[in-house]
Amino acid sequence: MPFGITAYQDREAAQYSGAVGLLQAENLSLNQNFEAQDKLDTLGINSFRYNLYKEPAEVIDKKTREVYLDPITSQKNTIVTLGGLSVAESNMNYYGSGSAALSALETLYGAPTENDGVISTRQIITSVNWTGIGNTSGISVSAGVACSSADGGNGTSLFNVSASIGQAARIDLQDTSGSFGVGIGNTFYINGSPVSPPTSLEFAASGEIFEDSVIVLYYPTLHPPDPGAANPLANPQFKILPVNGTDGLGSGQTYYRNSIQGSYGSFPGTDDSLTLLEDVYTVSVNNSDIGDARTEIGTLRGVDLTTGITSYVGAGSTVKETRQEFAINQWSLIKNRVNTQARINANDAAIGILKNSAFQP
């Protein structure tokens with residue numbers, strides 16, 4: 001109610017003069033609030049401050065991509081070229097156990113805890129072998145074909161293989177489950193068709209390389225503030241930088257090396273799709289060049305919160321968190337004006353009805 005109002009009657013409303021007077025008094029009070037807000041220009045101040053952070057947020061995001069994320073991805077693509085499938089086909093290193101193969105994989109590409117590590121997942125590759133004498137049926141398989149063994153092993157062939165009877169052969173299997181036996185009674189199946197039992201097993205390993213990512217907390221109705229939203233912090237989204245292709249958006253952000261949270265396969269939740277580059281393998285060549293690329297990646301990532309990409313992401317997060325405060329203030333002030341005007345309009349409509357002689361008793 002406005003200060004100084006002591007009478008709440010409108011004689012034109014006859015029987016309803018008291019009710020109409022109260023509604024008119026409320027409208028007067030609400031309009032006085034509009035005038036006070038206009039004089040203080042609180043909305044304008046918050047809008048000005050919100051916009052002050054617009055360009056810094058955009059520039060930091062742009063530089064984060066151009067100076068760090070893109071070069072890291074470039075070095076990762078180099079590593080894929082040096083240790084990917086085409087190289088592994090003729091230069092795979094094999095080991096006597098799966099654990100030894102995984103250890104070699106980490107030595108070559110780094111573990112999740114290492115600042116220059118580049119793989120996000122890992123798996124053992126089972127290499128099924130036949131000596132020339134042991135290959136009594138001939139071996140022929142295309143890459144991507146399902147293979148299995150009599151004792152419950154299953155996997156998918158990694159390369160094309162063709163070996164006539166009496167020739168030594170090797171089938172590398174990925175995505176394996178169960179165990180593979182060797183020798184008499186351990187029939188091997190290629191796409192359901194039996195071949196002679198393998199004579200020995202060896203192991204290699206592979207890992208998936210994903211892009212590094214910055215995941216941004218984004219409220220769709222907050223940037224810019226939408227007064228039509230019931231709650232500007234409803235329906236949060238977790239978007240990969242840049243949000244919907246636009247730099248500067250969001251309310252905070254987190255950097256993820258290899259798009260994981262510090263352990264194999266620990267992918268963070270996101271409303272977008274993380275980018276898989278390719279698989280890499282325990283190759284016997286290019287190890288020094290792979291190490292050089294990893295060193296470059298480690299430098300780009302930095303060693304603490306004040307160096308490398310983490311310094312940019314931290315600065316961007318601070319700017320966006322501060323900008324969010326002004327965005328919320330804007331939403332609250334705009335929403336209040338919208339609600340206030342709606343109340344005034346509703347009161348005016350009710351006053352019109354109550355003053356209509358047709359509604360008098």
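This section describes the fold of the protein chain, the packing of its helices and several individual residues.

The model is a predicted one. Seven helices and 13 strands make up the secondary structure assigned to the protein chain. The chain has 361 residues, and 43% of them count as buried. Its exposed surface comes to about 17,300 Å², with carbon and sulfur atoms supplying 51% of that area. Contacts along the chain reach far: among those between residues at least 6 apart in sequence, 77% join residues at least 24 apart.

A convenient place to begin with the helix packing is helix 3, which covers residues 54–83. Helix 3 packs with helix 6 (residues 287–301) at an angle of about 165 degrees, and the two axes are 9 Å apart. Since angles over 145 degrees count as roughly antiparallel, helix 3 and helix 6 are therefore roughly antiparallel to each other. The crossing of helix 3 with helix 6 is left-handed. From helix 3, the contact draws on Val67, Tyr68, Pro71, Ile72, Gln75, Lys76, Ile79, Leu82 and Gly83. Helix 6 contributes Asp289, Ile290, Ala293, Arg294, Glu296, Ile297, Leu300 and Arg301. Sorted by class, this contact of helix 3 with helix 6 holds 10 nonpolar, two polar and five charged residues.

Alanine 293 gives a residue-level view of this contact. Alanine 293 is a residue of helix 6, and its relative accessible area of 3% makes it buried. Leaving out residues up to four places away in sequence, alanine 293 touches Gln75 and Ile79, both of which helix 3 contributes to its contact with helix 6. Leucine 82, another of the helix 3 residues in that contact, is 211 residues from alanine 293 in sequence, while the C-alpha atoms of the two are 10.0 Å apart in space.

Helix 3 also packs with helix 7, here at an angle of about 160 degrees and with the axes 9 Å apart. Helix 3 and helix 7 are therefore roughly antiparallel to each other, and their crossing is left-handed. On the helix 3 side, the contact is formed by Lys54, Pro56, Ala57, Ile60, Asp61, Lys63, Thr64, Tyr68 and Leu69. The partners in helix 7 are Gly308, Ile309, Tyr312, Val313, Ala315, Gly316, Val319, Lys320 and Arg323. This contact of helix 3 with helix 7 divides into 10 nonpolar, three polar and five charged residues. Tyr68 of helix 3 takes part in the contact with helix 7 and is also listed in the contact with helix 6.

Valine 313 belongs to helix 7, which spans residues 308–354. With a relative accessible area of 5%, valine 313 is buried. Apart from neighbours within four places in sequence, valine 313 is in contact with Thr64, Val214, Gln253, Thr254 and Tyr255. Thr64 is one of the helix 3 residues in the contact with helix 7, whereas strand 12 covers residues 253–256, a range that takes in Gln253, Thr254 and Tyr255. Glycine 252 lies 61 residues from valine 313 along the chain, and their C-alpha atoms are separated by 9.2 Å.

Helix 6 has a further packing partner in helix 5 (residues 98–109), with an angle of about 55 degrees between them and axes 8 Å apart. Helix 5 and helix 6 are therefore oblique to each other. In this contact, Glu106, Thr107, Leu108 and Tyr109 of helix 5 meet Asn287, Ile290 and Arg294 of helix 6. The classes represented are three nonpolar, two polar and two charged residues. Ile290 and Arg294 appear here opposite helix 5 and also in the contact with helix 3.

The backbone has some notable features in the loops on either side of strand 12. Leucine 241 and proline 242 are joined by a cis peptide bond, with omega at about -5 degrees. Proline 242 sits in the loop between strand 11 (237–240) and strand 12 (253–256). Asparagine 258 is in the loop between strand 12 and strand 13 (276–281), and its phi is positive at about 60 degrees although the residue is not a glycine. Serine 259 is placed in the loop between strand 12 and strand 13 and likewise has a positive phi, near 60 degrees, in a residue other than glycine. Asparagine 258 is buried, with a relative accessible area of 1%; serine 259 also counts as buried, at 1% relative accessibility.

Methods: Residues numbered from 1 in each chain as written. Predicted model: local features only at pLDDT ≥ 70, side-chain atom pairs only at ≥ 80, totals over all residues. Heavy atoms only, no water. Helix = DSSP H or I, 4+ residues; strand = E, 2+ residues; numbered from the N terminus. Buried < 20%, exposed > 50% of the residue type's maximum accessible area, 1.4 Å probe, protein only. Contact = heavy atoms within 4.5 Å. Areas by Shrake-Rupley, 256 points an atom, 1.4 Å probe, with all protein chains shown as cover. Axes fitted to C-alpha atoms, helices over the stretch in contact; angles between N-to-C directions. Parallel < 35°, antiparallel > 145°, perpendicular 65-115°, else oblique. Left-handed = near helix turned anticlockwise from the far one by under 90°. Nonpolar A, V, L, I, M, F, W, Y, C, P; charged D, E, K, R; others polar.
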